[in-house]
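Work through the exercises below with the structure open beside you. Try each task before reading its solution.

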Amino acid sequence: MASPNVSFEIQVMADKHWVVAQFADDEEKAKAFADNLLQKGNHAAVRVVRDFRRLDGLHTETVIQEKTTTVKAGAADVSLSPITDAPVCTQLADFYGAPARLTMGRLVRKYLDEVVVTPTEMLHSAAEMKRFADKGSLLFSAIDRVSTLQAGLTGEESKTRRDFLSKAWDDMVARGRKFATRKVKAPKSVADILAEVEKGGEEHPYLCLSMMSLGLLETRSWLGKLDLLSKWAAEAAGTPLLPMIDGVVADIVVSAQLIQDLLGFQSNLGAALIQLCNLAEGKAEPAKFAPEIFTNLNTMFAAGTLTQSKDVLLGRVIRELGGGNPLSRNEPKQEFEVFCKVMHRVVSHKGVLGGGAMAEAILHRITRIHAHLGTVTASQAIDLTLSALSDHALGMQYLLALASSPLGQGMGAGLTDLIIAKVRGADHINKWVPVRQPPPERMIALAVLNRTLLASSVFEGEIRDGLGRHVDEVLARYLLDEEVIEKIDKPDDPLALRAIRLIKFCGSGVLIEGKSLDLARSRVIEHLRQPQFEEKFLASVPEPGKGEQHLREFHRLLVQTGFR
Amino acid sequence: MAREPEIIAAYRKAAEAGEMTAQFSLGEAYRLGQKVARDTSEAVRWLHRAAAQGHPQAGRTLQQMQAQGIDITPPADHPTPRQRQSLDDLLDSLKPASGPEGDGGMDAPLIAPDADSDPLDLDGGGSVDVTALKQADTPAAWVALGNAYRQGQGVDLDEVEAVSWYTKAAKANDPHGQYALAVMYDQGLGVRANDTEALRWYLAAAKAGDAQAQYNLANMIRAGRGCPADSKVAEQWYKKAAAQGEAAALFSLGALYEAGQGVDVDPVKAEDFYRQAAALGVAEAQFNLGNLLRGRDLDAALDFYTQASEQGLRQAQLNLGLLLQDSDAASAAYWLRRAAKAGDTVAMLNLAALLITGRGVGKDEAEAYLWLEQAQRHGHGTVAAIAGKGVTALAKVMGEDGIAAARRRAPLLGLGG
C-alpha cells in the first residue's frame, strides 16, 4: 500500500517549462503513465517526480525518471484562436448569421482549415457538428470562451450564457439531424437545390443552405468549394440564393491559407494587400500562379454580388495593415515606400476604402514603421500620415475617416480642431489637389470631400455647414479663375451643343450644391431665358432631323439635374 | 498547521495571475486531493477558469466530473485581487475619454492592436506535403521538393538537399529543375557558386523555352560571366524572353539600344522597348522613359516620372520633385520629401530650400535645418559643402534653443536625431 506521505507527479515539457500532467500515489502507476504519455509523442520530455512529505510538514522532491523523445510532427494543432469580441446571438437564426459565422471562422480557424469545412457547412450538417463535438474538448472550450466574452457584454452570468449557447448547439444538431432524415442526394445544380426547397418542411433559407452544404461537403478543398459556388452563382442569377452564396464565399475567404493560394505569387505583403483591395472591388488582374477561380471571383466582386465577402477581404486588409508583419519583408528599406503604395490604394479622393477601421490601421502601421525613433504619439502619427499622403484632399478624406473610428473619437477635440484648421487653412484649389491632375479629377476631389464633410457625423450644425461652404467656395473660385464654364460653353459652338454640354456638366457630380453649382446653373438659365431659345436650339443642330431628339434629351437632362 | 506545499503555492500564485496551465494544475490538485485537501468546489472553480481560457484538458475534466455526479456549476465569480477595482482605477474610469488637458488623447502613444491569430504568410505556408511529393517521384515533384527544402516549407530549410533534388530533376531534362539548379549555382546557394555550371543549366532551361532562364542567361552572356561577353548573343536571348512577356528583358533591351552596347544606338527602339516594359510596371523603364522624353515632351516625362515615383524609385522622385518646383511647388515638396526620407541628399537640399522660402509648403526653418544637417552628414562633395553652409547660416538665425527645439522634432520627420 502506498504511503500517505509519498506522492508522484508526472510532469511534461511544455514551452520549455515542466508542467504537471497528472498525480499518482503509486510509483509504478506514475512511471507507466509517464511512458504512455511519452509514446503518444505530444511532448518532448516527460518525467516523474517523487514528493515526500516530511514529518515537519516540509516537502522533498526527487526526479526519479526523465525520458525524452521527438515530438510527432503530424499531430495537427486544432486549438482555439484568440478572439476579442463575439457578437451576441439572441435567437437560433442569429447563429446562422454572418457575424456569428465569421466569429466561428476566427475562433475555430485551425480546426476548420484542418477539416476544410466552412461554418455554414458545419452548422447545416449533423455529421459535421458531431465530428466537431467529438474533437476533444473543442466544443466545450469554444462555448466557454464565447460565453465568457458575451457575459461581459450582456451583464448575464457566464453560466447562463453558457447554458444558452449549449442549448442552441443542441437545437442546431437536432435541426441538422431532422434534415438528414430526408436522405437527399448532394445537389448537382441550383435546380436540384431549388427543387428540394420547394418540397418545404423547413424554412427556405435553412433548406437552401443545408442543400448547398451537402454539395459543398463533397469537396474538401477551399478552391474546389469556390469553384462550385461560382458555378452556382452563374445559375442562380436573380434568385435569393445569391446572398447565401455570398455568405459561404465570405466564410471561405476568412482563411489566410486560402487567401495565400488564391492570390498566387505576391512579391510582398504590401502587394498582396493591394491585390486584395483590387479583388474586393472587382478590379484585379490574376497574378502569376493564381488559380483559375480568381478571375471568376473578380467578376463576381465587380458585379457587386459578393458584399459580405468584400467586407471580409477588407477586414483582412485592415488587420494585416494594422498588424506587425512587414509589408516588404525581403527589402526592409522599401517598407515606407511600400506602405505609401498601399495607403494610396486605400485612400483616394473618393474616400477611404474600409472607412474608419482602415484609417486606424494606417495609423498603427506608420507608428510601427517609425517605432525605432522612440515613442510615437497619436498626433505625431497623424502628422507622419498626412505628410506621406500626396495631397491635401487625400489628407482630409483620411482625417474624416479616422474621426469616425473609435480611436479617432477617443481623440476628441484634438482631432476635430485639426480637421477644422486644415480645411479652413486651404483657400485655393492648388492647396488641395496638385495642379497637374486633370481638371475633372481636381473638381471631383473637392466635390466628394464636400459631400463627405456634410455626411460626417463628426461635426454638427453650423460648423459642418461652414466647412462644406468653404470647400464650395474654393471650387467656385477655381471655376471663375480658370474660366471653366467659359471653356465648356464656347460662344462659337452651336447652341444645342453648348446647352447639352452645360447641363451635363451640372449633373456630372463634379460640382457642389451651392455656389459652384449655381454658377453653372445660372449660365444654363441665361441660355433658357434668351428669346426663342427652342427655335435657336433646333436651328443650331447640324444634323438634319435630329433637332427634336436633341431637344428632348436636353429637357430630360434638365429635369434630371433639378431644373424645373 | 503545515504551510502550503511549495508547488501548490506556486500554482496558486500563477493561477491568480491568470496563468491557464497553473489554474488547471491547481484545479487538478484539489480534484485529486494531491498535496492539498480534496475540495471539489475549489477544483471546479479553477478548472472553469482554465477552461474559460481555452485549456484543452480542463473542459474535459469538468465533463468527467459531471459524469461522476459532481456539481460542476461554477461558483459565483468572486473577483480576484487583480480584478478588484481600486479607488484610483474607479476614478480613472470616470474621467472623460478626452485627455485631462483637452488634448483629445492626441499626445498619448498609440497602443498597437492585438496580433492577428491567422495572419497571411506569403513566405511559405508549410502546406507542402513532402511525403506525398517523395511518393510521387516525378521530375515536377523533385522540383517541388527542392523548393520545399530551399524555402523550409513543411521541412527544415536545407539548401544542400534542395540542390540534390533540383539536380535530379535537371538531369531528367525538367526545365524548371534546370532553371532552379542554375539559380543555385548562380547565387552559390547550397553549392559553391559556379558560373560555368549556372550558364550550362540556364542554357538548357532557356532552350526548353523558360523565359526567366532566357533572361538570366542573357544577363550572364552580356556581363561575360561563364563565357566571353557578347552583347549580340545576349540581345537574342533577351528578345526570346521579351517575346514571352518578360518585363525585365524588355527593359534590358531598351537599355542595350539606349547605350548602344554591342548594337547600334537606336533611341527609337530604346523608347519602344522602354514603353513596353513601362506598361508592364517596370519602374526603372518608366524612369528612363522620363529621362528620354524630358527634352521634347515634358508632360509625358512627368507622367512617367510620377509612375516610377509612386512605385518608390528614389531617383524618379528626385527628378519629379526638381521638375515640379516652378509649376507645382506643393507636389515638388511632397516628392522631394519622399526622396529625402529615402536618403537622397540632393532631395534634402532642395526640400530645405523650399522650407526656408515657404514655397509649396509651410515655412519651417527648423525642419529645413534638420534636413540640411542630414544632407551634410550623409552627402558628399558639393552637396555636403552647400548643406554645411546652410546649417551654419540657419544656426545663426535659430540660436541654440531653436536648434535644440528642432532636434526634438526629428523623430516626427522620421529622422533619427
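The exercises that follow use a predicted model and go from whole chains to single residues.

**Exercise 1. Overall form of chain A**

Task: Find which secondary structure elements chain A has, and decide whether chain A is a compact globule or more spread out.

Solution.
Step 1. Count the elements: chain A holds 30 helices and six strands.
Step 2. Compare the radius of gyration with the globule rule. For 564 residues the rule gives 24 Å, while chain A has 32 Å, well over that value, so chain A is more spread out than a compact globule.
Step 3. Look at the extents. The C-alpha trace spans about 120 × 65 × 50 Å along its principal axes.
Step 4. Place the domains. The assignment for chain A lists domain 1 (6-68), domain 2 (323-478) and domain 3 (490-561). Between the C-alpha centres of domain 1 and domain 3 of chain A there are 91 Å.

**Exercise 2. Surface and contacts of the two chains**

Task: State what share of the residues is buried in chain A and in chain B, and describe the surface and contacts of each chain.

Solution.
Step 1. In chain A, 52% of the 564 residues count as buried. In chain B, 47% of the 417 residues do.
Step 2. The exposed area of chain A is about 25,800 Å², with 54% of it supplied by carbon and sulfur atoms. For chain B the accessible surface is about 20,300 Å², and carbon and sulfur atoms hold 51% of it.
Step 3. Take the contacts between residues at least 6 apart in sequence. In chain A, 63% of them join residues at least 24 apart; in chain B, 45% do.
Step 4. Add the charges of chain A. There are 68 positive and 70 negative side chains, and the centres of these two sets are 2 Å apart.

**Exercise 3. A helix of chain B**

Task: Chain B has 21 helices and zero strands. Decide whether helix 15 of chain B is largely enclosed or largely open, and find what its buried residues pack against.

Solution.
Step 1. Helix 15 covers residues 283-293 of chain B, and eight of these eleven residues are buried, so the helix is largely enclosed by the rest of the structure.
Step 2. Name some of the buried residues: they include Ala285(B), Phe287(B), Leu289(B) and Leu293(B).
Step 3. Find the partners. The buried residues of helix 15 pack against helix 13 (247-259), helix 14 (267-279), helix 16 and helix 17 (314-324) of chain B.

**Exercise 4. Two residues of chain B that touch chain A**

Task: Which residues do Thr306(B) and Ser331(B) touch?

Solution.
Step 1. Locate both. Thr306(B) sits in helix 16 (residues 298-310) of chain B, and Ser331(B) sits in helix 18 (residues 329-341) of chain B.
Step 2. Test burial against the limit of under 20% relative accessible area. Thr306(B), at 16%, is buried. Ser331(B), at 7%, is also buried.
Step 3. Leave out residues up to four places away in sequence. Thr306(B) then touches Arg436(A) and Leu320(B). With the same exclusion, Ser331(B) touches Pro434(A) and Leu324(B).

**Exercise 5. A buried and an exposed residue**

Task: Decide whether Ile193(A) and Arg38(B) are buried or exposed, and list what each one touches.

Solution.
Step 1. Ile193(A) belongs to helix 9 (residues 190-198) of chain A. Its relative accessibility is 0%, so Ile193(A) counts as buried.
Step 2. Not counting residues up to four places away, Ile193(A) touches Pro187(A), Cys208(A), Met211(A), Met212(A), Trp232(A) and Leu241(A).
Step 3. Arg38(B) is in the loop between helix 2 (20-32) and helix 3 (40-52) of chain B. With a relative accessibility of 56%, Arg38(B) counts as exposed.
Step 4. Under the same exclusion, Arg38(B) touches Tyr30(B), Arg31(B), Leu32(B) and Gly33(B).

**Exercise 6. Positive phi angles**

Task: Where are Lys183(A) and Asp137(B) found, and what is the phi of each?

Solution.
Step 1. Recall the general case: most residues other than glycine have a negative phi.
Step 2. Lys183(A) is not a glycine, yet its phi is positive, near 50 degrees. Lys183(A) lies in the loop between helix 8 (158-180) and helix 9 of chain A and is exposed, at 72% relative accessible area.
Step 3. Asp137(B), also not a glycine, has a positive phi of about 50 degrees. Asp137(B) lies in the loop between helix 6 (130-136) and helix 7 (139-151) of chain B and is partly exposed, at 45%.

Technical notes. Residues are numbered from 1 along each chain as its sequence is written. Chains are lettered from A and ligands numbered from 1 in the order in which they are written. This is a predicted model: local features need pLDDT of at least 70, side-chain atom pairs count only at pLDDT 80 or more; totals for chains, interfaces and linings use all residues. Side-chain values use heavy atoms; hydrogens and water are left out. Helices (H or I, at least four residues) and strands (E, at least two) are DSSP runs, numbered from the N terminus. The radius of gyration is taken over C-alpha atoms; the globule rule is 2.2 Å times the number of residues to the power 0.38. Buried means under 20% relative accessible area, exposed over 50%, partly exposed in between (1.4 Å probe, protein chains only). Contact means heavy atoms within 4.5 Å. Accessible areas come from the Shrake-Rupley method with a 1.4 Å probe; for residues, only the protein chains shown count as cover. Lys and Arg count as positive and Asp and Glu as negative; His and the chain ends are not counted. The place of a charge is taken as NZ of Lys, CZ of Arg, CG of Asp or CD of Glu. Domain bounds come from an automatic or database domain assignment.
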